[in-house]
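Please look over the sequence and the model below before reading on, and keep both at hand while you follow the report.

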Amino acid sequence: MSPADATRQQSFFRSRLFTTDHRVIGVQYLVLALVAVAIGTVLSLLMRIHLVWPDWPLPLHGPILPEDYLALVTIHGTIMLFFVLTTAPQAGFGNLILPAQIGSRGMAFPFLNAASFWMTAVALLTLLSSTFVPGGAAISGWTAYPPLSAIASAGPGQAMGMDLWLASIALFAVASTASSINILTTIIRNRCHGMTWERLPLTVWGWFTAALLSVIAFSVLLAAILLLFCDRHAGTSFFLPTGDLVNGVLHRGGDGSPLLWLHLFWFFGHPEVYIAILPGMGLTSMVLANFSHRRVFAYRTMIATTLLIGFLGILLWGHHMFVAGLNPFASSAFSVSTMAIALPAAAKVLSWLATTWRSSPTYTTAMLFALGFVSLFITGGLTGPILAQPILDEYLHNTFFVVAHFHLIMAMAGIFGLYAATYYWFPLLTATRSHPGRLLSEPLGRWHFWLTLVGAYATFLPMHFTGLAGEPRHYAQLTGVPGAGGALSPAGALLSHTLPLNLHITYAAIFLACAQIVFLFNLIRSLRRGVVAPPNPWQATTLEWHPAFNPFLAATASHIQVIAVHRAPCHYQSSPSGETFLPQWEPDIVVQAALESAINPKPE
Amino acid sequence: MPATITPNKTEPERKRRLEDHDNGSGRRPPTDKRTGGGGDGDNWNERSRGHRGPYERLHRYRMGIFFALASDLMFFVAIVSTFFVNQSTGHFDAYNHYVNEWLPTAIPPILWLNTAILLLSSVTMEIARRNMFRETDVMDEWLGLGKPITRRALPWLSATIVLGMLFLAGQWVAWRQLAIQQIFFRTNQSSHFFYLITGTHALHLFLGIGALLAAFTGLYVSRQLETRQILVDGAAWYWHAMGILWLFLFGLLAFFQ
């Protein structure tokens, strides 16, 4: 290797890999999330295939055993929730866009930022490596309820696999906390001149609230993991009740409480849901306003509802525990706080509808995905108040009805938010110092949107019906239920009715996954050959489209020294000559004229 | 066709700031006499709301530490709530009697001494921190008249490190004393919590001593006054927070068992 090569290699490591540049770190997070989402999707397809064709042997593996199915459930949930829905919107687009949107040239703590990314990457590797240890990956779901998760002999994946799962999530919790501290400090202290709190784009409010939730929630998860780890290895009994008999092993000792883990876990787990969805909500507001050429309807209310959703989000964890032996009075209280969150959520939906109402918007792909977000959020949200009733939840909790609910409102809405962000910000994602940003192909994008929307509804709407018909979650197999009469036993007969619909769901899921190939193709093609984007392709008003924040334009726009904000975002006007928009960074023309006339030194 | 309203660009004019002692002759002294910043090469006056000034940097780090401590507080809140839940949890025995087997762990008396040592270390740390921001010393350092800040702060910082290590040694003695009485981490529900709480707190103090050592090294190595101030200031707030936290945890272990 010549010295020049060595220098180039070193500069590659410095500039692309171990960099503290927030834009590169953002892209790294997004690539990590893309890898994770691909793995998570394949796992979900395996589950769907196994449910309807249980005898199909997985190549290179053999038949899928019940414990394999549970491992698929666990790793699918963990990967999707932590490494896709938490990582991509909050850390990925947060790093890529957030500093520019508040007029800052960087994050507050660049080194901490890079450290968080690498911790997240190690956490993902740790999680994936658990597949290859003896016994395989953990099988207790992404919630890891004790006592089974506390006892190594409880199942094949509960020994080394569970330890690696705990280590991975602990690492992820530390990384997320560090990343959120960074985001909070950046938003509070690095805003440019004129960027008051009310002028912050709603995306920034989404990131801000999600970061606050992360700081509060993730350390509680970390404490819970520490306690569970002690239960597993130090002989303590925080979560293990005395006389607990698992797989022939009797636990003697203190009076631990498995319900305590549920409290600690869901105190984290429910805010986690909002961490995943709040940035998408903010983006939806901004994208809808941008392409409708309108102001966001009730901007201040939208800020308030974002914070209110965050606040209520930490008060309603108990609604995950209605059937876990929670005191009925506590259930009522959690039911009320859960219903209360419908208020700010409904206010958000009304604002989205009012923003677009009769506005003849430009239907770009980003706009379509934002509208899809609204649609999925409503569809998934409507089942929320149903599940918030302890009585109804008792029947529905362990059925596919819940699976349908959270996949529509969190997974699909979250993914649609991510797609809206990708199509919207792709020019900023691809811009480099030497090359302007590119746009993703719009025709392909529209195909991608409609196929994905149809696939999402075709997959997850029928799950409501199979759930209502009694199909349980976490069951590896729906056919051949043991008992008197085999498949014709009462349970077998019940489940056999859901099989045709399950077959349909599996086909739809495969269709939905295949539709994403359109996106991947579009992504790869547009990276190289996409249309070169103009400096502000969407006529956006927010600061990330300022020339100084576009790496390609920044070199030529070096005369711009002070970046200042003069108004709230989404300043669109209709005039006889057409529509005009005024970005946040343009000074007021009236004030400017008044200034000029005031300081004009020439006499009349 | 939509159009952007493009206003005229006015040439930003560089102005002399008489109020900042800018006599136009070259290097300017620091205007922020507490942090030694705002002088020449620090573009703080040129920016309407700069983010590279010493004040901003110091406060940015303070805020980061504040959020980290808030998150850490939630960690201990979770553990303490677990303590109360497990303390009140019992089970039904074979005769259908409800039994609560909580056996309070009597704390070793040396913890009182440790608490006093930790409080004292917080005092010495605060003196060290305040010495970093004395106006006259900051001006002396800026003018190159020796290193009065380091000279004043270093002894107090060293005292804090020694006291901190003494506290950790005291905790070790407490654990040994319990172990001699055959009380270990796994012995009973209450001892789980004694070791867990003191252990996680000791781990935090261990990291705190790391921060203090970093500040100690920084006082020698770092050429920038602001960096030295940030190191000592950050370590100090972390140290104070751990001291206050210990008061609560100690109160819990001593009086709420």
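The report below goes through the two chains, then their contact, and then some local details of the backbone.

**The two chains**

The model described here is predicted. Chain A is built with 19 helices and 6 strands, whereas chain B has 6 helices and 3 strands. If you follow chain B along its sequence, the elements come in the pattern β-α-β-β-α-α-α-α-α.

The C-alpha atoms of chain A fill a box of roughly 105 × 60 × 45 Å along the principal axes. For a chain of 604 residues, a compact globule would have a radius of gyration near 25 Å, and the value for chain A, 26 Å, agrees with this.

The table sets out, for each chain, the share of buried residues and the share of contacts that join residues at least 24 positions apart, taken among contacts with a sequence separation of at least 6.

| Chain | Number of residues | Buried residues | Contacts at least 24 apart |
|---|---|---|---|
| Chain A | 604 residues | 51% | 79% |
| Chain B | 257 residues | 32% | 66% |

**Where the chains touch**

How many residues does each chain bring to the contact? Chain A contributes 48 residues and chain B contributes 38 residues. On the side of chain A that touches chain B, the elements that each supply at least two residues are α5 (160-189), α6 (202-233), α7 (258-292), β6 (578-581) and α19 (589-599). Of these, α6(A) gives the most, with 9 residues. Sorted by residue type, this side of chain A divides into 25 nonpolar, 19 polar and 4 charged residues.

**A bent helix in chain A**

Helix α3 of chain A, which covers residues 66-101, bends by about 60° at Gly94(A). Is this helix largely enclosed or largely open to the outside? Of the 36 residues of α3(A), 33 are buried, so the helix is largely enclosed by the rest of the structure. After α3(A) comes Gly103(A), a residue with a positive phi near 75°.

**Unusual backbone geometry**

Most residues other than glycine have a negative phi, and most peptide bonds are trans. With that background in mind, a few places in the two chains deserve a careful look.

One of them is the peptide bond between Pro146(A) and Pro147(A), which is cis, with an omega of about 5°. Pro147(A) lies in the loop between α4 (110-129) and α5 of chain A, and α5 is also among the elements that supply residues to the side of chain A touching chain B.

Another is Gln539(A), which is not a glycine and yet has a positive phi of about 55°. Gln539(A) sits in the loop of chain A that runs between α17 (499-529) and α18 (551-554). Because a residue needs 20 or more C-beta neighbours within 10 Å to be buried and 12 or fewer to be exposed, Gln539(A), with 19 such neighbours inside 10 Å, counts as partly exposed.

In chain B, Asn96(B) likewise has a positive phi, near 65°, although it is a residue other than glycine. The loop that holds Asn96(B) lies between β2 (91-92) and β3 (98-99) of chain B. Why does Asn96(B) count as exposed? Asn96(B) is classed this way because it has 6 C-beta neighbours inside 10 Å, and a count of 12 or fewer is the cut-off for an exposed residue.

Technical notes. Residues numbered from 1 in each chain as written. Chains lettered and ligands numbered in written order. Predicted model: local features only at pLDDT ≥ 70, side-chain atom pairs only at ≥ 80, totals over all residues. Contact = placed C-beta atoms within 7 Å. Helix = DSSP H or I, 4+ residues; strand = E, 2+ residues; numbered from the N terminus. Nonpolar A, V, L, I, M, F, W, Y, C, P; charged D, E, K, R; others polar. Bend = angle between axes of the 7 residues up to and from the residue. Rg over C-alpha atoms; globule rule 2.2 N^0.38 Å.
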